[in-house]
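Subject: Structure for your review

Dear colleague,

Please find below the structure I would like to hand over to you, together with the sequence. My notes on what was found follow directly after it.

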Amino acid sequence: MNHKKLCLSENRAISTRDYLIKNGITSSRIESAKGFGESRPIHICDEANDSCTEVQYLENRRSGLIVVSR
């Protein structure tokens, strides 16, 4: 696993969480904000062979959060 990309992914998730809090979601409602880097891609892309489209690369750059209603 690429440690640098994991950090980018974690930072993306944290930034998304912070954005939600700044825009009115109470922090206690956010159960999780986790980045997975290359460990859970939607599309398996071989960068050397350019096997994915730009859209597929962008879909791999996502944040997953769990927001609970309270």
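**The disulfide**

The torsion about the S-S bond of Cys45 and Cys52 is about -95°, so the disulfide is left-handed. A disulfide is taken here as a pair of cysteine sulfur atoms within 2.5 Å, and in this pair the sulfur atoms of Cys45 and Cys52 are 2.1 Å apart. The structure holds one such bond.

Before going further, please keep in mind that this is a predicted model, in which local features need pLDDT of at least 70 and side-chain atom pairs count only at pLDDT 80 or more, whereas totals for chains, interfaces and linings use all residues. Residues are numbered from 1 along each chain as its sequence is written, and side-chain values use heavy atoms, with hydrogens and water left out.

The two cysteines of the disulfide fall into separate accessibility classes (buried means under 20% relative accessible area, exposed over 50%, and partly exposed in between, with a 1.4 Å probe and protein chains only). Cys52 is buried at a relative accessible area of 9%, while Cys45 is partly exposed at 23%. Cys7 is also partly exposed, with a relative accessible area of 33%. Cys52 lies in the loop between β1 and α2, and, leaving aside its neighbours within four places in sequence, Cys52 is in contact (heavy atoms within 4.5 Å) with His43, Ile44, Cys45 and Tyr57.

**Overall picture and confidence**

The protein chain has two helices and two strands, which follow the pattern α-β-α-β when read along the sequence; helices (H or I, at least four residues) and strands (E, at least two) are DSSP runs, numbered from the N terminus. Of the 70 residues of the protein chain, 11% count as buried. Among contacts in the protein chain with a separation of 6 or more, 60% come from residues 24 or more positions apart. The protein chain exposes about 5300 Å², of which carbon and sulfur atoms supply 51%, the accessible areas coming from the Shrake-Rupley method with a 1.4 Å probe, where for residues only the protein chains shown count as cover.

As for pLDDT (the predictor's confidence in each residue, from 0 to 100), the protein chain averages 80, and 84% of the residues score at least 70. Among the elements, strand β1 (residues 30–34) has the highest mean pLDDT, at 85, and strand β2 (residues 64–67) the lowest, at 75. Where pLDDT is low, the predicted coordinates should not be read in detail.

**Helix α2 and the residues it meets**

Two residues of helix α2 (residues 54–60) deserve a mention, the one being Asn60 and the other Glu59. The side chain of Asn60 reaches the backbone oxygen of His43 at 2.9 Å, and, apart from neighbours within four places in sequence, Asn60 is in contact with Pro41, Ile42, His43 and Cys45. Glu59, which is partly exposed at a relative accessible area of 37%, makes a side-chain to side-chain polar contact with His43 at 2.4 Å; a polar contact is a pair of N or O atoms within 3.5 Å, where within protein one must be able to donate a hydrogen and the other to accept it, and residues adjacent in sequence count only if both atoms are side-chain atoms. Not counting residues up to four places away in sequence, Glu59 touches Ile42 and His43, and the C-alpha atoms of Glu59 and Ile42, 17 residues apart in sequence, are 7.0 Å apart in space.

**Helix α1 and the salt bridges**

The structure holds two salt bridges, a salt bridge being a side-chain nitrogen of Lys or Arg within 4 Å of a carboxyl oxygen of Asp or Glu. In one of them, Lys34 pairs with Glu10, the closest N and O atoms being 3.2 Å apart. Lys34 lies in strand β1 and Glu10 in helix α1 (residues 3–22), so the pair ties together parts that are 24 residues apart in sequence. The side chains of Arg17 and Asp18 also meet in a salt bridge, at 3.0 Å from N to O; Arg17 is partly exposed at 28% relative accessibility, and Asp18 is partly exposed at 37%.

Arg12 lies in helix α1 and touches Arg61, Arg62 and Ser63, not counting residues up to four places away in sequence. The C-alpha atoms of Arg12 and Ser63 are separated by 6.4 Å, although the two are 51 residues apart along the chain.

With best regards
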